[in-house]
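Student: Got a minute to go through a model with me? I'll pull it up.
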Amino acid sequence: SVKGKVTAGDVDNLAPLMPLCMKEMHSHLQKENHLRHGGRMQFGLFLKGIGLPIEEALVFWRQSFSKITDDQFAKNYAYNIRHNYGLEGKRVDYSPYNCMRIITSNQPGPGDHHGCPFRHMGRDGERIRARMLADGLSESDAQEVVNLVAGQHYQIACTKHFELSQKARTPQETGSAGGVRTIEHPNQYFDQAYRLREG
Ligand code: SF4
């Protein structure tokens with residue numbers, strides 16, 4: 001994916017290349033300096049997938065959880081982060097979750113920020129519409145995404161969002177309708193966006 005090693009300090013700069021699910025968790029983490037377990041798993045494994053090594057992951061999460069002490073961090077969070085990297089417990093080197101898993105399992109409850117926003121932001125589509133407009137999509141493009149969500153085509157909605165928000169960032173690519181594979185994995189979204197940006 002990313003050329004060379006990703007550091008804790010790179011994560012904020014890479015956020016615009018992340019799919020909506022990861023952007024939501026990243027911005028929540030920045031605002032609240034906390035993320036519940038489901039979010040730490042989904043976002044943490046995604047970050048591992050983009051190339052954040054364990055030592056940098058520990059720095060990133062420690063800095064993000066800025067309202068707690070080093071001691072609380074070590075006791076309550078460091079183990080799970082190392083666990084995701086296969087350094088604790090059964091030493092399984094866990095893989096980042098794909099879209100199907102995120103959409104169909106471990107549904108987010110109140111106060112959770114994990115999941116797929118296209119699936120979990122509400123059936124009426126108003127929050128998704130507002131989010132698409134905030135991302136610079138036109139009214140008609142936002143409506144297209146809302147329609148896809150209403151038809152439960154969440155990954156196609158995400159693919160549309162990719163085309164409209166990522167391709168729009170690289171003018172030479174705009175207008176080429178085909179070419180983008182349906183998003184099946186958050187790390188696929190990121191890799192495609194990264195390649196577009198790096199050319
Ligand atoms: Fe994330 Fe996949 Fe949903 Fe896109 S479709 S927001 S990558 S879970």
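Student: Leaving aside neighbours within four places in sequence, what is Leu47 in contact with?
Tutor: Val11, Leu52 and Ala57. Keep in mind that this is a predicted model.
Student: Okay, and which residues touch the most other members in the largest nonpolar core?
Tutor: Leu47 is one of them, along with Ile50, Phe118, Val145, Val149, Ala157 and Cys158. That core has 41 residues, and H2 gives the largest share, five residues.
Student: Where does this core lie relative to the domains?
Tutor: Between domain 1 (8–84) and domain 2 (99–198), because both give residues to it.
Student: Switching to the ligand: how many residues surround it, and which are the closest?
Tutor: There are 14 around the ligand, and the closest are Pro19, Cys21, Cys99, Cys116 and Cys158. Elements giving two or more residues to that shell include helix H2 (20–32), helix H6 (99–104) and helix H11 (186–198). The largest share, three residues, comes from H10.
Student: What's the make-up of the shell by class?
Tutor: 13 nonpolar, one polar and no charged residues. The ligand shell also draws on both domain 1 and domain 2, so it lies between them.
Student: What about confidence, what does the protein chain average in pLDDT?
Tutor: The average is 92, with 93% of the residues scoring at least 70. For the complex, the predictor gives an ipTM of 0.99 and a pTM of 0.92.
Student: And where does pLDDT stay under 50?
Tutor: Over residues 173–177, for which the model has four contacts beyond four places in sequence. Where pLDDT is low, the predicted coordinates should not be read in detail.

Note on methods: Residues numbered from 1 in each chain as written. Predicted model: local features only at pLDDT ≥ 70, side-chain atom pairs only at ≥ 80, totals over all residues. Near = placed C-beta within 6 Å. Helix = DSSP H or I, 4+ residues; strand = E, 2+ residues; numbered from the N terminus. Nonpolar A, V, L, I, M, F, W, Y, C, P; charged D, E, K, R; others polar. Domains from an automatic or database assignment. Core = buried A, V, L, I, M, F, W, Y, C linked by C-beta atoms within 7 Å. Buried ≥ 20, exposed ≤ 12 C-beta atoms within 10 Å, placed from the backbone. Contact = placed C-beta atoms within 7 Å. pLDDT = per-residue confidence, 0-100.
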